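Colleague: I would like a close look at a single part of this model, followed outward into whatever packs around it. Please take your time and keep the account connected.

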Amino acid sequence: MTLYIGREASKLWKRICAETTTEINLLLENWKYVLAGLIFQYIHGLAAHGVHYLHRPGPTLQDIGYFLLPELGQDKAYISETVFSFVFLSFVLWTFHPFIFKSKKIYTVLVWCRVLAYLVASQFLRIISFYSTQLPGPNYHCREGSKIAKLPKPSNVLEVLLINFPQGAVYGCGDLIFSSHMIFTLVFVLTYQKYGTRRCIKQFAWLLAIIQSLLILASRKHYTVDVVVAWYTVNLVVFFIDKKLPELPDRSSGNSHFLLPLSTKDKDSKTKEENHKLSNGNSVDPADWA
């Protein structure tokens, strides 16, 4: 028994080391895209914090979702955050599963490049939306009478740039017309829908996305229009970005080493080698053409 555990542990360690080497090479080729996507996450948070200074509390707008769904109450607002945290952590863990499991279909770095592209495009549209029109926030801390419904003018630039994280993100107001939580949820669900392998998990993920939408409304964190806009906009963003970007290599075919993206230098050297063979009258191996 001990020998078997030791053998499996050795295999797992070798698998992790091999996968780490592959992912580091991919990260070295794509680090600019990853870094740009992460920087934009801060810009999105900064924009959401900035619009809080412009927020003007007022009566909650008439909303069909509020008529149809019972109000959970301020003491149960954690439910929607719990569901979102589960979706977020589950997706992050799934993207790193190639380091552990033998069945590999994705490269972690390449998937996150694609996910960050979806997020950046959707969040850019979100920023335009809530700066175009400021609505009175329906959340409990955004209503009239709340001390943080309207932020006082900042005393210095650092107060704005530091965005008072995490309180500034949790208790923000004014960033409406496009639900941020639904952007992340739908991007994660759509990504797993395309690159995941378990049908039951895909169905469960879509169910969670629907539940998350209803919980956001029942918690009065967003208006119904914020959720509706997220549902069709994120799907359109993912659709058009997938049309523009090349398909990610599929590792499930067993030829993962052939599917790694070649650098420009590798492509040029391969082309010169093929031209040299042709100029000398030598035929090119069909496998090379493939």
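Modeller: If neighbours within four places in sequence are left aside, V115 is in contact with F91, V187, F188 and T191. The model is a predicted one, and the contacts of V115 should be read with that in mind. V115 also belongs to the largest nonpolar core, a set of 43 residues in which V115, L119, V187, F188 and V234 touch the most other members. The core draws at least two residues from each of helix 1 (2-52), helix 3 (78-95), helix 4 (108-132), helix 7 (180-195), helix 8 (199-218) and helix 9 (224-244). Among these contributors, helix 7 gives the most, with ten residues. Apart from this assembly there is a second, separate core of six residues, which includes F40, V51, I127 and F130. As a general matter, nonpolar side chains in soluble globular proteins tend to be buried together.

From the core one can turn to the way its helices are laid against one another, beginning with helix 4 and helix 9, whose axes come within 10 Å and cross at roughly 130 degrees. Since angles over 145 degrees would count as roughly antiparallel and those from 65 to 115 as roughly perpendicular, helix 4 and helix 9 are therefore oblique to each other. The crossing of this pair, helix 4 with helix 9, is right-handed. On the side of helix 4 the contact is formed by R114, A117, Y118, A121, S122 and L125, and on the side of helix 9 by T233, V234, V237, V238, I241 and D242. Sorted by character, the residues of this contact between helix 4 and helix 9 comprise eight nonpolar, two polar and two charged.

Helix 7, the main contributor to the core with its ten residues, packs with helix 8 at an angle of about 170 degrees, the two axes lying 9 Å apart. That angle makes helix 7 roughly antiparallel to helix 8. Here H181, M182, T185, L186, V189, L190, Y192 and Q193 of helix 7 meet I201, K202, A205, W206, A209, Q212, S213 and I216 of helix 8, and the residues of the contact divide into ten nonpolar, five polar and one charged.

Returning to helix 4, T108 also lies in this helix, and with a relative accessibility of 4% T108 counts as buried. Its contacts, again without the neighbours within four places in sequence, are with E23, T95, F96, P98 and F99. A contrasting case is L54, which is placed in the loop between helix 1 and helix 2 (64-68) and is partly exposed, its relative accessible area being 41%. Residues up to four places away in sequence not being counted, L54 touches Y131 and Q134. The C-alpha atoms of L54 and L135 are separated by 10.0 Å, although these two residues are 81 residues apart along the chain.

As for the setting of these details, the protein chain has twelve helices and zero strands. Of its 290 residues, 40% count as buried. When contacts between residues at least 6 apart in sequence are considered, 84% of them join residues at least 24 apart.

Terms used:
Residues numbered from 1 in each chain as written. Predicted model: local features only at pLDDT ≥ 70, side-chain atom pairs only at ≥ 80, totals over all residues. Heavy atoms only, no water. Core = buried A, V, L, I, M, F, W, Y, C linked by side-chain atoms within 4.5 Å. Buried < 20%, exposed > 50% of the residue type's maximum accessible area, 1.4 Å probe, protein only. Helix = DSSP H or I, 4+ residues; strand = E, 2+ residues; numbered from the N terminus. Contact = heavy atoms within 4.5 Å. Axes fitted to C-alpha atoms, helices over the stretch in contact; angles between N-to-C directions. Parallel < 35°, antiparallel > 145°, perpendicular 65-115°, else oblique. Left-handed = near helix turned anticlockwise from the far one by under 90°. Nonpolar A, V, L, I, M, F, W, Y, C, P; charged D, E, K, R; others polar.
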